[in-house]
Amino acid sequence: MHLQPSQPLQRREFLKRSGLALGFLASPAGLLRVVDAHACGEEGDIDLNAWVHVSNSENTITVKCPTAEMGQGIYTLIPLLIAEELDADWRTIRVEQAPSDKAFINPDHFNVQGVGGSPVARGAQGYWRVVRLAGAQARAILIANAASVWGVATGECTTEPNNVVHAASGRKLSYMQVAKLDDVKLDAPLLTEKDLKPASQWRLLGKDVQRLDVPLKVNGAAKYGIDVQIPGMLYASILRSPVATLPHPLYGDGAENGPLKVDAAATMQIEGVVKVVELPHAVAVVGTDYWATVLGKRALKVEWKQGSLASQYDSEAKKREWAVIAADRSKQGRAIDNTGNFDAAFKSAAQTLSADYVTDHVHHACMEPFNATASMMHDDLELWAPTQGQTWAQQACAKVTGLTEDKIRVHTTFLGGGFGAKTEQLPNAEAAMLSKIMDKTVKVIWSREDDVKHGAYRPLTAQHMNAALSADGKVTGWSHRLVADSVLLRARKDVWDKNPGIDGAVAVGMTQPYGIPNRHHEYVHQLGGVPVGYWNAVGNGFTIFAVESFIDEIAAKLGKDPLQLRIDMLTDAQGRAVLELVRKMSDWNRKREATALGVGYNHGGRWNCQIAVVVEVSVDRVNGTIKVHNVWAAADPGTAIQPRHLRQQLETGIIWGMSSTLRERVTIKAGVVQQSNFSDYPVLRMDEIPAIHIELLQGALGQSSGAGQIGVAPMAPAIANAVQRLTGARVRAMPMLPKQVRMVIAEANAGPTAV
Amino acid sequence: MAAKIDVTLTVNGVRQKISAAADTPLLWVLREQLKLTGTKFGCGAGQCGACTVHLNGQPVQSCLQTLQDVAGKSITTIEGLSKDSSHPLQKAWVAEQVPQCGYCQSGQIMRAAGLLKETPRPTREQIVEYMSPNICRCGTYARITRAIERAAKELA
C-alpha cells in the first residue's frame with residue numbers, strides 16, 4: 001500500500017504526473033465518460049482509468065479509494081466492488097488513497113469528493129454505482145485490447161480472474177500482459193447499470209475477506225492526520241474563546257468571538273515558540289515543537305470580544321424555552337410530508353395522547369482530535385488532513401488563502417474516527433492560514449479540551465407529540481413538532497438559503513412508517529448561535545427517540561403489546577420481518593425476573609437499511625442507574641458486501657446509541673461548554689458493554705445500504721421503553737442520567753400516571 | 001518552562017539521546033523526536049489510554065510521563081512489540097479483525113500485553129477490568145476481549 005504522504009521534494013513530480021491523470025466524468029444518467037488518458041510509470045504499468053492501475057512489473061492491480069478510511073471499511077469495500085466488475089484476482093488487489101481530483105467527485109453525494117452517511121458503498125449516496133461502473137469499464141478496456149491483438153470480436157471474449165479469454169481458440173491474455181502491450185487503447189464504451197453483473201454472478205461480494213487496512217493498525221504503521229511529518233515543519237496550538245466557536249470557513253470567520261487584546265510577552269519567552277498569530281476567531285502559538293506551543297498557549301493572556309449570540313446561550317434554559325415553543329402551535333415552522341387531516345382526526349378521536357421529549361447536545365469525541373497540516377508555497381497549497389470532505393477542504397482552504405480551488409491539493413490520511421465531525425473544515429482552514437502567514441509547513445493539533453469545548457454538537461431538541469386514537473384502538477392521527485437549531489444553516493448555508501427552514505439532517509426520521517392516515521410533521525427552527533453539526537445518525541438520534549417512545553406510550557394506552565402494535569401498523573414487509581426476527585431472537589414473550597425488554601425500530605429512511613432492536617435492562621432504583629444486559633438486533637441491509645464487517649458497523653452504532661442514551665451530554669452556560677475531557681464527557685468503556693446479538697436478513701439482494709449509523713437511533717427508545725415496562729416510569733429526556741431516572745421513578749410511584 | 005535536559009533512554013532496545021524541556025511528555029518525545037507515531041495522542045490527561053507504552057515492562061500512559069521521569073529507563077512502543085507483527089496479540093488482532101478506525105489500537109495492544117505479562121490466562125472479568133482504562137470510540141471492545149483470549153491460548 002502507498003500511504004506515505006508525499007514529501008515536498010516529490011511534490012512537483014506528483015503534480016506533473018497527476019496533471020495528466022485519466023479521469024471519468026460521471027453523469028447523473030449513469031454514464032461514465034473518458035476525459036483524458038495516458039499510460040505512466042514503468043513499462044507495463046498502466047492506468048486503465050482514474051480508479052484502476054495495472055502493474056505488470058509488480059503483478060498487482062491498484063485501486064484508488066476516493067474517500068477517507070475512518071473505520072467504515074471503505075479501503076476494502078471500494079476495491080471489492082471494483083474487483084468484482086473487473087473480474088480481478090483478489091490476491092493481486094492493492095489499495096491506494098486517491099488524490100483530491102474531479103475524477104473522484106461523487107454525483108451521488110452532494111457532487112463532491114467526500115464521505116458522509118456511512119457510505120459503505122451504499123446506494124443513495126455512496127460510490128456503490130460509480131465504482132462498479134469504473135470496474136466494468138476497466139474490464140471492457142482489457143477485453144477490447146486483447147480482442148484487437150487476437151483479431152477477434154470483443155463479443156467473443158470473456159474474462160476469468162485476471163485473464164481475458166477467447167474460448168473459441170483457447171487463447172488467454174492476463175491483465176498484466178495486456179498492460180504490457182505496446183499500444184494499449186484506452187477508449188472505452190459507455191456503460192450503464194444494465195452492464196453490471198447481476199448479484200447471482202458475484203464471486204467476491206457477500207463473502208468475508210480480511211480488511212486491507214487491519215495489518216497496518218496493529219503495528220503502528222497506519223498514518224493518521226496527526227502523524228504527518230514534513231521536514232522543517234512548524235507546530236501550532238490555538239487558544240480559543242471560552243465561548244464555543246467553530247465557524248464554518250465558507251460562511252464566517254468566527255470574529256464575533258475573536259481576540260480583542262493579546263498579551264504574548266510571556267509566550268514569546270518560551271524556548272521553541274516562533275510566533276504568536278492573531279486569527280479572526282482565535283490566537284495561534286507557532287513553534288518548533290508541539291510541547292513548546294502548548295506551554296506558549298498556557299502563557300498567553302487574551303481578552304475576548306463579548307456579546308455574540310452564542311455567548312447568550314444556556315442549554316438548560318433553551319430546553320425549557322424550546323419545549324414551550326414545541327407545544328405552541330401558533331409558532332409555525334416548515335411542514336414535512338404531511339398527509340390527511342390531523343386536526344379533523346384529533347377532533348373526532350375517542351381519546352388523545354400527548355408527550356414532550358427533550359434531548360441535550362452530544363459531542364463526537366473522536367479518538368483523534370482535530371488536526372491538519374498545510375504547506376503553502378507560492379501559489380499552491382498542499383493539505384494533509386484526516387478529512388471526510390476533500391472537495392470541501394479545497395473550498396475552505398481556497399477561501400482563507402485567496403487561492404483558487406484547483407491550487408489546493410488534499411492528501412487524505414486515515415481518520416481516527418469521523419462520525420460526521422471530520423466534515424468540519426475549520427482545522428484545515430487554520431493550517432492553511434498559518435502556513436500562508438509563516439511561509440512554512442504548519443501542523444495544527446487541537447487539544448482534547450479544545451475538541452470538546454468547540455465541537456460540532458448534535459443539536460439540542462424539544463419535541464411535542466400528539467396522537468388521536470379511535471374507539472376500536474386504531475391510531476388515526478399523529479402530530480410531531482420538532483424545535484432545534486439547524487445543522488444546514490451553519491455547515492451548508494448555501495443549501496439552506498435556497499430553501500430556508502428545511503433541514504433534512506435535523507428533521508430526518510420524523511416521517512415515520514406506521515401508516516397512520518392523518519399525519520403532521522413540523523420542524524420549527526430556532527437559532528442558538530453555538531456550533532451544531534453532523535453527528536452520527538444526525539437527526540434520527542432524537543427524532544426516532546420521540547417517535548419510538550411515543551409508539552410505546554400509545555401501546556400502553558391501548559393496552560397492546562408494543563412490538564405487536566408496530567407489526568400491525570407497519571406497511572413495509574421488511575420492517576415487519578426484522579421485528580418478527582428480533583421478537584424470536586430475544587424470546588420477547590418470556591417474562592424475566594428483575595429485568596425487562598424494550599423494543600425500538602428504525603425504518604432506515606434514505607439509509608435504506610431496516611433495523612429492530614430489543615434491549616434487556618435492569619434499573620437500580622436507589623441510585624437510578626440503568627444497566628443494559630443484552631441487545632438483540634435484526635437488520636436488513638439489502639446486500640451485505642462484507643457480512644462480518646457489517647455486523648461491526650451495527651455494533652458501533654448500537655454502542656454509540658447506548659453511550660449517548662445513558663450518559664453523553666454537553667451542557668452550555670453563557671456559551672461556554674462545561675465539559676472538557678473524557679473525565680466529564682464520559683463515553684462507554686469495556687466494562688459497560690452488553691452482550692450484542694445480531695442477525696441479518698438480506699431482503700433485497702443487489703441493493704446497497706448504509707449500516708454505520710443505523711444502530712444508533714433505536715437504542716434510546718428501546719432503553720426508555722424497557723425502563724417503562726420494568727418500573728412504570730417513562731423517561732422522556734436524553735441522556736437518561738441516574739438523577740433523572742430516580743426522579744421519574746419517584747413520580748411514577750407517587751401518582752397514577754408516568755411523568 | 002522547565003529547562004532543557006539531556007537524557008538517555010532505551011526505546012525498543014535502542015539507546016537514544018534526547019535533548020528537550022524536562023517536562024516534555026514522553027508521548028511527544030516518542031512521536032516528534034523519535035518519529036514513533038504509532039503511540040497516539042488522545043486526551044493528554046491519562047483518561048483514554050491511546051498513548052499506552054511499556055516503561056520498564058509496565059504499561060503506562062506516556063502523556064503523563066515527563067522526560068525527566070523516564071531518564072535512563074527502558075521503553076517499548078507498539079513499533080517495538082515485535083519486529084514483524086508476530087506478537088501473539090498482534091496476530092490475534094488480525095485474526096479477530098479487531099480495528100475499525102484503529103486509532104486507539106496501539107494503546108489497546110500495549111495494555112493487553114501488560115495484562116498477559118501479569119496474568120497469562122486471564123478470565124473474561126479480569127480482561128474487562130484491566131482493559132477498562134482504554135477507550136475505543138468505535139466500540140471494538142467485544143473483539144478486543146476475544147483477541148486477548150485467543151492470544152492467551154497461543155501463549156499457554
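Tutor: Two strands pair if DSSP finds at least two bridges between them. Please keep this in mind as we examine this structure, which is a predicted model.

Student: What makes β17(A) and β18(A) a pair of strands?

Tutor: The two strands are joined by 5 bridges, and the definition asks for at least two, so β17(A) and β18(A) count as paired. They run antiparallel. One example of a bridge is A:T373, whose partner in β18(A) is A:W384.

Student: What lies between the strands in the hairpin of β17(A) and β18(A), and which residue there takes a positive phi?

Tutor: This hairpin has 2 residues between its strands, and A:H378 takes a positive phi near 55°.

Student: How do you know that β18(A) also pairs with β19(A), and in which sense?

Tutor: There are 5 bridges between β18(A) and β19(A); at least two are required, so this too is a pair. The sense here is parallel, and A:A385 stands opposite A:T412 of β19(A). As a general point, strands of a sheet pair through backbone hydrogen bonds, in either a parallel or an antiparallel manner.

Student: Why is β18(A) described as largely enclosed by the rest of the structure?

Tutor: A residue is buried if 20 or more other C-beta atoms lie within 10 Å of its own. In β18(A), 5 of the 6 residues are buried, so the strand is largely enclosed by the rest of the structure.

Student: To which sheet of chain A do these strands belong, and how is its pairing described?

Tutor: They belong to an open sheet of 7 strands, in the order β12-β13-β10-β20-β17-β18-β19 of chain A, and its pairing is mixed.

Student: Why are β12 and β19 of chain A called edge strands?

Tutor: Each of them, β12 (273–278) and β19 (408–412), pairs on one side only. From one strand to the next the twist averages 20°. The pairing of β12(A) is with β13(A), residues 282–287: 5 antiparallel bridges join the two, and at least two are needed, so the condition is met. A:E278 stands opposite A:V283 in β13(A).

Student: Which helix packs on the sheet by touching β17, β18 and β19 of chain A, and at what angle to β19(A)?

Tutor: It is α9 (residues 390–401) of chain A, whose direction makes about 140° with that of β19(A). Another helix, α10 (residues 426–438) of chain A, lies across six strands named here in full: β10, β12, β13, β17, β18 and β20 of chain A. Its direction runs at about 35° to β17(A).

Student: What makes β7(A) and β8(A) partners?

Tutor: They are joined by 4 bridges and run antiparallel; since at least two bridges suffice, they are a pair. A:T159 stands opposite A:V164, and the bridge partner of A:E160 is A:N163. Their hairpin has 2 residues between the strands, of which A:N162 takes a positive phi near 65°.

Student: In which open sheet of chain A do β7 and β8 lie?

Tutor: They lie in a sheet of 3 strands, ordered β7-β8-β9, with antiparallel pairing. Its edge strands are β7 and β9 (171–174), each pairing on one side only. The twist averages 30° from one strand to the next. Helix α3(A) packs on this sheet, touching β7, β8 and β9, and makes about 125° with the direction of β7(A).

Student: What makes a group of residues a nonpolar core, and which residues have the most contacts inside the largest one?

Tutor: Its members are buried nonpolar residues joined through C-beta atoms within 7 Å. The largest core has 280 residues, and those with the most contacts inside it are A:L383, A:V613, A:A633 and A:I719. Helix α3(A), residues 128–150, provides the largest share, 12 residues. Among the residues that A:L383 touches, apart from those up to four places away in sequence, are A:A372, A:C397 and A:I408.

Student: How many residues does each chain give to the contact of chain A with chain B?

Tutor: Chain A gives 46 residues and chain B gives 44. On the side of chain A, the elements giving two or more residues are α6 (290–299) and α18 (643–662); α18(A) supplies the largest share, 6 residues. By class, this side has 23 nonpolar, 12 polar and 11 charged residues.

Terms used: Residues are numbered from 1 along each chain as its sequence is written. Chains are lettered from A and ligands numbered from 1 in the order in which they are written. This is a predicted model: local features need pLDDT of at least 70, side-chain atom pairs count only at pLDDT 80 or more; totals for chains, interfaces and linings use all residues. A residue is buried if 20 or more other C-beta atoms lie within 10 Å of its own, exposed if 12 or fewer, and partly exposed in between; C-beta atoms are placed from the backbone. Two residues are in contact if their C-beta atoms, placed from the backbone, lie within 7 Å. Axes are lines fitted to C-alpha atoms, for helices over the stretch in contact, and angles run from 0 to 180 degrees between N-to-C directions. Ala, Val, Leu, Ile, Met, Phe, Trp, Tyr, Cys and Pro count as nonpolar, Asp, Glu, Lys and Arg as charged, and the others, Gly among them, as polar.
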